[in-house]
Amino acid sequence: TFRTVDNLLNGYRLTWNVTERVQVYTHPLWMLLLAVFNFVTRDIYLTAIFLSLTISIIAITLLASKISKVEISTLFGIMVLSFSKAFMDYSTSGLENPLSHLLVVFFFIVYFLHKNDVRKILLLSLLMSLSITNRMDTLLLLLPALVLVIIQCKGQKWLLYLALGQLPFILWELFATFYYGFPFPNTAYAKLNTGIPSGEIIQQGFLYLLNSIQHDPITLIVISLGIVLPFIIKNNRLIPISLGMIAYLAYIVKIGGDFMSGRFLTIPLLCAVIIISRYDFSRLSIASLMI
């Protein structure tokens, strides 16, 4: 990504080798944001760290102030993120995680608004479009919540608003197909079409989760808590988030995990914290804890 940004700012366009158009990055929106700020700073390393930290702080501040219901839930959520090795590592890694976190927080701020109408569908669709332009697999996390809102609109003309919201992703895909010759990043074709038997890939996916348990146990424990909590408390607004997390984790296992420990787990961890932050722990009784 850094090399692509450097080529762009030096007049060689969005290339890897200056004479070859190859989309080597998986996060177009993050790449473009880096390019804009690096145009001013001309220091890609410090720019990436500054952007990552700033965006992470904004995301956590919005989560605490706009999503969390009670103070104890807010404190618990911040503590979890602070002690998660994966979340802290990838909040300053130079990768797209912080921007994904911010877009997910914005998405659920809108999602938890009381009124379900076509304007809400437009906003959610737009935020989801930006999120999948930043990282395509976040579609799995956000889609169930958007589907619930569409269902609750009860027959309103939502399709047009849904399509309008998807324009950023659609425009990028058209550009990528025209400019690079392929709609998806080169890394997707390289990683997802290896010829390795699916059983071996799935086994590696479970090993990826095992690695997280061994080196960063709080992350997967909290993700698991976030998945089961909505079903325990029977909260229909939170269950779609759990379903999105389940789909996302299943996808991670199916593709064999990632080369970087914990990289794919920070967004479901954030979703788990969002779920937990919506629950009022003061309502827990000693009897329920014993059960």
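This passage describes helix α14 and the empty spaces of a predicted model.

Helix α14 covers residues 239–254. At 1.5 Å a residue, its 16 residues should span 22 Å. The end C-alpha atoms are 22 Å apart, which agrees. Many positions of α14 are listed as buried, among them Ile239, Pro240, Ile241, Met245, Tyr248, Leu249, Ile252 and Val253. Ser242 and Gly244 are buried as well. The cover over these buried residues includes α6 (97–111), α8 (139–152), α12 (198–215), α13 (217–233) and α15 (266–277). Just after the helix, Gly256 adopts a positive phi of about 85°.

Empty space was examined next. The structure holds 1 cavity of 30 Å³ or more. The largest cavity has a volume of about 30 Å³. Tyr248 of α14 helps line this cavity. The other lining residues are Glu96, Asn97, Arg135, Arg263, Phe264 and Ile267. By class, the lining has 3 nonpolar, 1 polar and 3 charged residues.

The largest pocket has a volume of about 740 Å³. It is lined by 27 residues, and Thr26, Arg135, Asp137, Thr187 and Ala188 are the closest to its centre. Both α8 and α11 (186–192) supply at least two lining residues each. The most come from α11, with 5 residues. This lining has 18 nonpolar, 4 polar and 5 charged residues.

The second largest pocket has a volume of about 260 Å³. Of its 15 lining residues, Gln204, Ile255, Gly256, Gly257 and Phe259 are the closest to the centre. Here α12 gives the most, with 6 residues. The lining of this second largest pocket has 6 nonpolar, 6 polar and 3 charged residues.

Conventions
Residues numbered from 1 in each chain as written. Predicted model: local features only at pLDDT ≥ 70, side-chain atom pairs only at ≥ 80, totals over all residues. Heavy atoms only, no water. Helix = DSSP H or I, 4+ residues; strand = E, 2+ residues; numbered from the N terminus. Expected span 1.5 Å × (residues − 1). Buried < 20%, exposed > 50% of the residue type's maximum accessible area, 1.4 Å probe, protein only. Contact = heavy atoms within 4.5 Å. 1 Å grid on protein atoms, 1.4 Å probe; cavity = no way out; pocket = protein on both sides within 12 Å on 5 of 7 lines; lining within 4 Å. Points joined across faces, edges and corners; volume = space filled by probe spheres on them. Nonpolar A, V, L, I, M, F, W, Y, C, P; charged D, E, K, R; others polar.
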